[in-house]
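Student: Could you take me through the salt bridges of this protein in a close look, with the pairs, their places in the chain and their exposure?

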Amino acid sequence: MFFSPRSTSALLLGTGALLSLAAVVGCGGSSSTEPVAAVTMQLTIVAPVAVPIALHVRETVLLSTRITMSDGSPPTGLAVVRWLGRSSSVASVTTGGVVRGTAPGQGYIVAELDTTLGTVRDSVLVVVGPAETPQ
């Protein structure tokens with residue numbers, strides 16, 4: 001599956017584009033007439049630097065994620081985030097979220113989380129400049 005952002009400008013707001021997954025949560029049995037509430041799960045890439053991430057060739061940065069629920073409840077269960085590099089010729093990413101600039105250019109790093117409700121993901125733009133020259 002290829003990830004293509006709908007709008008680059010959306011990626012530059014905050015820490016990236018948030019994609020949400022809504023689930024219908026009901027109360028009681030099948031005969032309940034109580035209103036049904038939608039709970040949204042969000043996965044956000046938390047970058048310790050400004051967005052877009054600017055790196056030089058051979059430079060690295062560690063990314064992490066934050067998982068939040070729209071109703072304020074804590075996420076339950078073990079969550080293992082998958083990190084994907086959409087432009088590995090420009091920037092690579094390890095399974096632990098370490099991004100490394102490999103060549104000048106720009107590309108996207110994507111974090112994905114599979115849940116019982118489906119998959120949520122977030123992405124961040126990485127801009128890689130030439131290697132710094134020692135002074």
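Tutor: What follows is a walk through the salt bridges, after a short word on the model and the fold.

This is a predicted model, in which local features need pLDDT of at least 70 and side-chain atom pairs count only at pLDDT 80 or more, while totals for chains, interfaces and linings use all residues. Residues are numbered from 1 along each chain as its sequence is written, and side-chain values use heavy atoms, with hydrogens and water left out.

The protein has one helix and 11 strands, where helices (H or I, at least four residues) and strands (E, at least two) are DSSP runs numbered from the N terminus. Along the sequence, the helix precedes the strands, in the pattern α-β-β-β-β-β-β-β-β-β-β-β. Of its 135 residues, 32% count as buried, a term that stands for under 20% relative accessible area, with exposed meaning over 50% and partly exposed in between (1.4 Å probe, protein chains only).

Side chains of opposite charge can pair when their charged atoms come close. A salt bridge is taken here as a side-chain nitrogen of Lys or Arg within 4 Å of a carboxyl oxygen of Asp or Glu, and by this rule the count comes to three.

In one of these salt bridges R82 pairs with E112, and the closest N and O atoms are 2.8 Å apart. This pair links distant parts of the chain, since R82 sits in strand 7 (residues 82-85) and E112 in strand 10, 30 residues apart. The two partners differ in exposure, because R82 is partly exposed at a relative accessible area of 36%, whereas E112 is buried at 6%.

R82 also forms a salt bridge with D114, where the closest N and O atoms are 2.7 Å apart. Because R82 belongs to strand 7 and D114 to strand 10, this pair ties together parts that are 32 residues apart in sequence. D114 counts as partly exposed, with a relative accessibility of 45%.

In a further salt bridge, the side chains of E112 and R121 meet at 2.9 Å, N to O, and both of these residues are buried. Through shared partners, the salt bridges join R82, E112, D114 and R121 into one network.
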